[in-house]
Amino acid sequence: MDDLTLRIRDLNLRFKSLFSDTAVLHGISLHIRRGERVALVGESGSGKSVTARIVLGTLQELKTSRISGTVEVMGRDLKKMTEKERYALRGRDISMIFQDPTSSLNPVFRIAELFHEVLKRRDPGISAAAARARAAQMLAQVSIHEPERALDSYAFQLSGGMNQRIMIAMALANEPALLLADEPGTALDVTVQAQTLELMREMVERNATSVLFISHNLGVVREFADRVYVIYKGRIVEHGTTEALFADPRHPYTRALMAAVPRLTGGGIPDVPEVSESFFDPMITHEGLREPEPTR
Ligand SMILES: Nc1ncnc2c1ncn2[C@@H]1O[C@H](COP(=O)(O)OP(=O)(O)OP(=O)(O)O)[C@@H](O)[C@H]1O
């Protein structure tokens, strides 16, 4: 099972404060092999982003979070790592792309300086000049034709589409094993979003990067992912290859989600109807796709 980039087993999450105790994830299990693009799809509030934040190792630092279960990144159990070790993993072996590129890029620094900080995560001694050269090379790969001009700019001086390309280039600059992509481009118009996804696909294929792709939009997922996990109220309700899932969606929630695929002409995301709690068990797994057994 060495080719597993990510394995999550029986992940549970609660947020507990003096006044409330809310269960958010209920026994999530999923895996991603090297070079696989795997989607976690579900509506707003289903628990996609918190799952990504646990993999990124940031939710562990929150005082109100209670996490149980196992998350292994390239065979390393996050729970057994120190906060410092998890920090080191982030930006070097795992990176993340967010929905809104412009607000995610720090406005106080020029793009070249942001790249320098990112590249230091893998090579702490890298000079500004070497970082700039690597950044220019990455920007050329995402089809930015005047990389030098972009490097001297601040994010707010550039378009949303341009910033999205920069964010992809930055997220992949250290050749991470795992990329977490949280609805990349949803803040942009649909044409730019489609270009962004195509670009991201080319980039991850080049280095056999594993991707956890988070989305509420099954239409986008169909274009991008090899496999899909459908999440509903913190539970995985169906799992299959993209092909199998689209050919034969079995869970009522998956069907409802398919019926609600946003139209390309805009008009927002239609509501997904509630499905009965009795549909939760058992999870539907399409043939031959059991979660891998623990090796130890
Ligand atoms: N820090 C927090 N404290 C308390 N509850 C939280 C916290 N962060 C998230 N939640 C709750 O956890 C649930 C899952 O949230 P999450 O952001 O993962 O949903 P999501 O599926 O990613 O939705 P979206 O598509 O809107 O981002 C929500 O009910 C949310 O309110």
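Helix H1 gives the largest share of the shell around the ligand, with 3 residues. Keep in mind as you look around that this is a predicted model. Two elements, strand E2 (21-33) and helix H1 (48-56), each put at least two residues into that shell. Which residues come nearest to the ligand? Out of the 13 around it, they are Phe15, Ser44, Lys48, Ser49 and Val50. Sorted by class, the shell has 9 polar residues, 3 nonpolar ones and 1 charged one.

**The antiparallel sheet**

E2 also belongs to a sheet, so to speak of its neighbours we start there. This open sheet has 4 strands in the order E2-E1-E4-E5, and its pairing is antiparallel. At its edges are E2 and strand E5 (76-77), each of which pairs on one side only. Strands of a sheet pair through backbone hydrogen bonds, and they can do that in a parallel or an antiparallel way.

Strand E1 (residues 4-16) is joined to E2 by a hairpin of 4 residues, and the two strands pair in the antiparallel sense over 9 bridges. If you want to find this pairing in the model, look for Leu13, whose bridge partner in E2 is Leu25, or for Leu11, whose partner in E2 is Ile28. E1 also runs antiparallel to strand E4 (residues 65-73), with 8 bridges between them. Here Asn12 has Ser68 of E4 as its bridge partner.

**The mixed sheet**

There is another open sheet, this one with 7 strands and mixed pairing, in the order E6-E7-E8-E3-E9-E10-E11. Strand E6 (94-97) and strand E11 (284-285) each have a single partner strand, so they stand at the edges with one side left without a neighbour in the sheet. E6 runs parallel to strand E7 (residues 178-182), and 4 bridges join them. Within that pair, Met96 sits opposite Leu180 of E7. Helix H11 (residues 252-259) packs on this sheet, where it touches strand E3 (37-41), strand E9 (227-232) and strand E10 (235-241). The direction of H11 makes about 100° with that of E9.

**Two helix pairs**

Now for helices that pack on each other. Here are the two pairs side by side.

| Helix pair | Angle | Axis distance |
|---|---|---|
| H7 (residues 160-172) and H8 (residues 190-207) | about 15° | 10 Å apart |
| H4 (residues 111-120) and H5 (residues 128-141) | roughly 100° | within 9 Å |

How do H7 and H8 lie, roughly parallel or roughly perpendicular? With an angle of about 15°, H7 and H8 are therefore roughly parallel to each other. Their crossing is right-handed. On the H7 side, the contact is made by Gly160, Gly161, Gln164, Arg165, Ile168 and Leu172, and on the H8 side by Val192, Thr196, Leu199, Met200 and Met203. By class, that contact brings together 6 nonpolar, 4 polar and 1 charged residues.

The other pair looks like this: H4 and H5 cross at roughly 100°, which makes H4 roughly perpendicular to H5. From H4, the residues Ala112, Phe115, His116 and Leu119 meet Ala128, Ala131, Arg132, Arg134 and Ala135 of H5. This contact has 6 nonpolar residues, 1 polar and 2 charged.

Conventions. Residues numbered from 1 in each chain as written. Predicted model: local features only at pLDDT ≥ 70, side-chain atom pairs only at ≥ 80, totals over all residues. Near = placed C-beta within 6 Å. Nonpolar A, V, L, I, M, F, W, Y, C, P; charged D, E, K, R; others polar. Axes fitted to C-alpha atoms, helices over the stretch in contact; angles between N-to-C directions. Parallel < 35°, antiparallel > 145°, perpendicular 65-115°, else oblique. Left-handed = near helix turned anticlockwise from the far one by under 90°. Contact = placed C-beta atoms within 7 Å. Pairing = 2+ DSSP bridges.
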